[in-house]
Amino acid sequence: LSILNRIIKMIIKNQKLFFSICFIIHSIQSINLGLIRSWGGDEWFSYRDFTLMGLPFSILGEIQKIIIGPISKDNFIFYKIQSILWIGLLFYLLNYFYTITKDRRERNYINYVSLFLVFSPFIIGQSQVFRYYNLYLLSSFFIYFIVNDSSTNFNDKRIFYYYTLIISPFI
């Protein structure tokens, strides 16, 4: 028990380690679920047709087609893993905002979000059914932290938020 307590204290002190462990656990759970769930739903459409909505997803899908080849029953898991890229970027972003903020409440919120992403069956399930769901999580949290940290003036935050609405259809 004391060894476990030391490990937990070490992880709490080293936030990069904390976010890395969160990413690894989420990735393992996503890949395991991806191997269980079959390929279906909107997945054929989302990889067959290039769309402007979810532009980063479409661009990465085209790159995957070049590298991996056409989607088949043998390689579909590599296409499903695209969501891990987005969640990895999200954990990197959470780590970044954790390091630059001095607000204890915001740091606690970032830790809570990280643990929620790891242990929420809904998040993990949705990331396998709708792989672009993690892209939406990434962009939502990115916009939240940018708007939240941009100014203390409410009107400035509101104007910045309106600017993000203009580009949101492409995310």
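## Helix α6

The expected span of a helix is 1.5 Å times one less than its number of residues. In this predicted model, helix α6 covers residues 82-100, a run of 19 residues. From its first C-alpha to its last, helix α6 reaches 28 Å, which is close to the 27 Å expected at 1.5 Å a residue.

Which residues of α6 are buried? Near the start of the list stand Gln82, Ser83 and Ile84, followed by Trp86 and Ile87. The list continues with Leu90, Phe91, Leu93, Leu94 and Asn95, and it is completed by Phe97 and Tyr98.

## Serine 30

Serine 30 is located in helix α2, which spans residues 15-36. Is serine 30 buried or exposed? Serine 30 has a relative accessibility of 1%, and therefore counts as buried, since the term applies to values under 20%.

When residues up to four places away in sequence are not counted, serine 30 touches Ile84, Ile124, Ser127 and Gln128. One of these residues, Ile84, is also among the buried residues of α6.

## The chain as a whole

The protein chain contains ten helices and zero strands. Its pattern along the sequence is accordingly written α-α-α-α-α-α-α-α-α-α.

The protein chain has 171 residues, of which 38% count as buried. About 10,500 Å² of the protein chain is exposed, and carbon and sulfur atoms supply 70% of this area. Among contacts in the protein chain with a separation of 6 or more, 68% are between residues 24 or more positions apart.

How values were computed
Residues numbered from 1 in each chain as written. Predicted model: local features only at pLDDT ≥ 70, side-chain atom pairs only at ≥ 80, totals over all residues. Heavy atoms only, no water. Helix = DSSP H or I, 4+ residues; strand = E, 2+ residues; numbered from the N terminus. Buried < 20%, exposed > 50% of the residue type's maximum accessible area, 1.4 Å probe, protein only. Contact = heavy atoms within 4.5 Å. Areas by Shrake-Rupley, 256 points an atom, 1.4 Å probe, with all protein chains shown as cover.
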